[in-house]
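Please open the model in your viewer and keep the selection panel at hand. The tour below moves from the whole fold to single side chains, one selection at a time.

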Amino acid sequence: MILLKIFRGSYEFAQSARIALSAMLLFTALGHFVFTKGMTLMLPDFIPYKTAVVYATGVIEIAAAIGLFVPSMRLLVGWLLIIFFVLILPANIYAAIHKVDIQNATFGGNGVAYLWFRIPMQILLIFWVYYSAVKFH
C-alpha cells in the first residue's frame with residue numbers, strides 16, 4: 001500500500017518526516033529527565049538554575065513534538081524549533097570541549113571529536129524541521 005502511495009504521488013513525505021521528528025524529540029526530551037545531572041554539566045557556569053533549564057528544554061521538546069501535529073501551530077513550532085536548534089548548539093560545543101559524558105555525569109566524554117557528528121546532525125535537524133514543518137506546513 002505504501003508503494004502505491006509513493007508511485008501515485010499521494011504519499012505525504014512531510015507528514016512522515018514530522019512523525020519521525022516528533023519521535024526523536026520525545027526520545028531526546030526523555031534524556032533531559034533521565035540524565036539531568038549530566039545535562040547540567042553541558043551548561044557554562046554563568047548560566048543560573050541549570051537544572052531548571054534542563055527540565056525546561058525537555059518540556060520544550062515535548063511541546064514541540066506535540067505542536068508539530070497541530071496544523072494551526074505547525075509553522076510557528078517549525079520556526080521556533082529551528083531557533084531552538086541553533087541556540088542549543090553552543091551548549092553542545094561547550095560539552096564537547098569540556099568532554100561532558102551526559103549519561104555518567106562526568107567530564108570523561110568523547111571531547112571535540114563528538115562535534116564531527118553533532119554539528120552535521122544539528123544542520124540536518126534544521127533542514128528536517130524546515131522541510132517538514134515550515135516549507136510544507
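How many helices and how many strands are there in the protein? Colour the predicted model by secondary structure, and you should find six helices and zero strands, so that the order of elements, read from the N terminus on, is α-α-α-α-α-α.

**The whole chain**

Show the C-alpha trace alone and turn it along its principal axes, where the protein spans about 55 × 30 × 20 Å. Of the 137 residues, 36% are buried, and the protein exposes about 8500 Å², of which carbon and sulfur atoms supply 74%. If you display contacts between residues at least 6 apart in sequence, 67% of them join residues at least 24 apart.

**Helix H2**

Select residues 13-34, which make up helix H2, and place a distance between the C-alpha atoms at its ends. The 22 residues of H2 should span 32 Å at 1.5 Å a residue, and the end C-alpha atoms are indeed 32 Å apart, so the expected and the modelled span agree.

Next, show the side chains of the buried residues of H2, which are Ala14, Ala17, Arg18, Leu21, Ser22, Met24, Leu25, Ala29, Gly31 and His32. An α-helix has 3.6 residues a turn, so residues three or four places apart point the same way. To see what surrounds the buried residues of H2, add helix H3 (36-40), H4, helix H5 (74-97) and helix H6 (115-135), against which they pack.

**The nonpolar patch**

Stay on H2 and select Leu26, which lies in this helix. Is Leu26 buried, partly exposed or exposed? Its relative accessible area is 42%, and because this value lies between the limits of 20% and 50%, Leu26 counts as partly exposed.

Now extend the selection to Phe33, Tyr55, Val59, Ile62 and Ile66, which together with Leu26 form a nonpolar patch on the surface with about 520 Å² of accessible area. Helix H2 and helix H4 (50-67) each supply at least two residues of the patch, and H4 gives the most, with four residues.

**The salt bridge**

Move to Asp45 and Lys50, whose side chains meet in a salt bridge with a distance of 3.4 Å, N to O; the structure holds one salt bridge. Asp45 counts as exposed, at 70% relative accessibility, whereas Lys50, at 21%, counts as partly exposed, a value that lies just past the 20% under which a residue would be called buried.

**Aromatic pairs**

Finish with the aromatic rings, among which the structure holds four pairs. Begin with Phe84 and Phe85, a tilted pair whose centres lie 5.9 Å apart and whose planes stand at 55 degrees. Both partners can be checked on a surface view: Phe84 counts as buried at 11% relative accessibility, and Phe85 is buried as well, with a relative accessible area of 3%.

Then select Tyr114 and Phe117, another tilted pair, with 6.4 Å centre to centre and 50 degrees between the planes. Tyr114 counts as partly exposed, because its relative accessibility of 26% is not under the 20% that burial requires.

Definitions and conventions: Residues numbered from 1 in each chain as written. Predicted model: local features only at pLDDT ≥ 70, side-chain atom pairs only at ≥ 80, totals over all residues. Heavy atoms only, no water. Patch = residues over 30% accessible without salt bridge, like charges linked within 9 Å, V, L, I, M, F, W, Y side chains within 5 Å. Areas by Shrake-Rupley, 256 points an atom, 1.4 Å probe, with all protein chains shown as cover. Salt bridge = Lys/Arg side-chain N within 4 Å of Asp/Glu carboxyl O. Buried < 20%, exposed > 50% of the residue type's maximum accessible area, 1.4 Å probe, protein only. Expected span 1.5 Å × (residues − 1). Contact = heavy atoms within 4.5 Å. Phe/Tyr/Trp six-rings, centres within 6.5 Å; stacked < 30°, edge-to-face > 60°.
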